[in-house]
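Reader: I would like a close look at one part of this protein, namely its pockets and the nonpolar packing that goes with them. Could you take me through that part with care?

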Amino acid sequence: MLNKHYDNLFEVDMDTKIVEEKLIDGKYHYSFEDTIFYVKSGGMENDKGLINEIPLEDVYVEDNKAWHVLKEKITNPVHLSVDLDYRLFKSQIHSAQHLMCTIMNTDYHAKTIMFKTGEIESEIEMGFTTLNREILNAIEKRCNECIIQDIPIIIGYPTKEEALANIWEDYGENFDWDIQLRSVSIPGIDYDLCACIHVPSLRYLHAIKFLGYEKTTRGYKISFVAGQQLLDYIQRHYDVFHEASRSLAVAQLEINESIQKLFQEKKELASSLNDYKQKYFECYAKELCNIPELYFFHEFDGFDVKSFQQLCSIITNQYEKGFIGLLKLDDKCHVVVAKNKALPIQANEIFKEIASKFELKGGGNPGISQGGGNYSTDLITYCINKINQLNGQ
Ligand SMILES: [Zn+2]
């Protein structure tokens with residue numbers, strides 16, 4: 001369904017009348033005598049806007065009619081009002097795609113594979129066999145020169161013969177040439193068949209900026225911004241850089257250097273913290289092991305499991321002791337049974353015994369066994385009795 005109102009991007013107001021009304025799932029679906037609302041197709045999203053001051057929820061085509069979905073009921077007369085800012089935003093990106101893709105098609109023999117309008121940046125996928133920043137810069141320069149020339153974008157309704165005489169792209173065997181054709185041409189650059197909304201001339205694109213590119217299985221994906229999206233992109237990124245430069249107290253262009261320095265400082269700090277932790281645990285282990293008994297029980301608090309394990313291995317490596325250590329973790333706990341290699345007990349056997357009685361998960365070897373479960377005073381009493389039993393042997 002070709003809607004000739006789409007030829008004029010700036011036709012954003014219309015008075016019309018209701019032809020049909022349907023109530024579906026509590027929402028009102030209207031078809032009107034005429035409409036200016038763009039219905040999603042060709043990669044371009046629906047228009048947004050108001051109908052009698054009520055926000056348009058959706059618009060779709062069914063039975064060759066455009067249906068407009070509203071939350072509230074309306075009556076005649078009907079006034080349609082399209083959100084021009086949003087329409088311009090998507091038309092700028094779409095029209096920019098016409099310009100850049102054609103230049104890539106003709107000058108670089110890179111076929112158009114995919115194009116996508118994103119919220120923050122947009123992308124195209126092109127069949128380049130090779131691509132680098134230098135090539136992209138040259139294409140960007142050529143696009144922006146065309147924009148400066150303000151070349152018009154002309155909409156036409158050609159016959160099949162007229163269209164075939166101008167298009168160079170292969171539309172494939174399945175293309176239906178019997179429908180009403182609509183051409184979009186940028187004289188001297190592009191001639192295409194397209195039913196979307198376009199800007200009237202290239203100056204409406206402001207400029208095109210290629211952000212980056214990456215290799216895909218089919219060619220290269222190129223991210224870009226144009227028109228209002230380019231201005232929004234700059235502002236959005238400037239705001240983040242501005243905030244970051246204030247937080248780091250450096251100039252915006254020195255942010256990366258400053259972050260690298262912070263990472264290095266963090267690494268050095270972590271390493272020195274680890275040295276202190278090791279020294280602290282050595283003192284802690286010495287204090288714990290300064291007892292006449294071979295075996296002991298101790299309840300620990302305020303460590304993470306990894307630090308607790310570090311302390312346990314210092315004890316068993318440096319002292320001829322065996323112990324049951326319980327690390328309290330809120331209403332849970334982590335239990336370690338460990339011993340110096342000179343001692344005869346089997347840590348895994350003892351752990352297994354405790355684990356089966358108190359439903360702990362885990363395991364290990366004769367030297368060290370460990371696991372977690374629920375914290376209880378019964379568990380502590382059991383561990384203390386076990387230690388007393390070992391010391392009594
Ligand atoms: Zn188009």
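**Pockets and nonpolar cores**

Author: By class, the residues that line the largest pocket are 18 nonpolar, ten polar and six charged. The model is a predicted one, and in it this pocket has a volume of about 950 Å³. The lining is made up of 34 residues, of which Gly 42, Asp 192, Leu 193, Cys 194 and Ala 195 are the closest to the centre of the pocket. Turning to the elements behind this lining, at least two residues come from each of α1 (84-108), β9 (112-116) and β13 (190-193), and it is α1 that gives the largest share, with six residues. In terms of domains, domain 1 (4-82) and domain 2 (87-235) each contribute at least three residues to the lining of the largest pocket.

The second largest pocket holds about 230 Å³ of space. Its lining has 15 residues, and those closest to the centre are Tyr 86, Phe 89, Thr 117, Gly 118 and Glu 119. Two or more of the lining residues are given by each of α1 and α4 (227-248), with α1 providing the largest share, five residues. By class, the lining of this second largest pocket divides into four nonpolar, six polar and five charged residues, and at least three residues are drawn from each of domain 1 (4-82) and domain 2 (87-235).

The nonpolar packing can be described in a similar way. The largest nonpolar core has 58 residues, and within this core Leu 99, Met 100, Met 104 and Ile 208 are the ones with the most contacts. The helix α1 supplies the largest share of this core, eight residues, while domain 1 (4-82) and domain 2 (87-235) are each represented in the core by at least three residues. To take one of its residues as an example, Met 104, when its neighbours within four places in sequence are left aside, is in contact with His 109, Ala 110, Ile 124, Met 126, Phe 128, Ile 139, Phe 210 and Ile 222. Another core lies apart from the largest one and has 21 residues, among them Phe 297, Ile 345, Phe 351 and Ala 355. As general background, nonpolar side chains in soluble globular proteins tend to be buried together.

Read together, these descriptions return to α1, which gives the largest share of the lining of the largest pocket, the largest share of the lining of the second largest pocket, and the largest share of the largest nonpolar core.

Note on methods:
Residues numbered from 1 in each chain as written. Predicted model: local features only at pLDDT ≥ 70, side-chain atom pairs only at ≥ 80, totals over all residues. Heavy atoms only, no water. 1 Å grid on protein atoms, 1.4 Å probe; cavity = no way out; pocket = protein on both sides within 12 Å on 5 of 7 lines; lining within 4 Å. Points joined across faces, edges and corners; volume = space filled by probe spheres on them. Helix = DSSP H or I, 4+ residues; strand = E, 2+ residues; numbered from the N terminus. Nonpolar A, V, L, I, M, F, W, Y, C, P; charged D, E, K, R; others polar. Domains from an automatic or database assignment. Core = buried A, V, L, I, M, F, W, Y, C linked by side-chain atoms within 4.5 Å. Buried < 20%, exposed > 50% of the residue type's maximum accessible area, 1.4 Å probe, protein only. Contact = heavy atoms within 4.5 Å.
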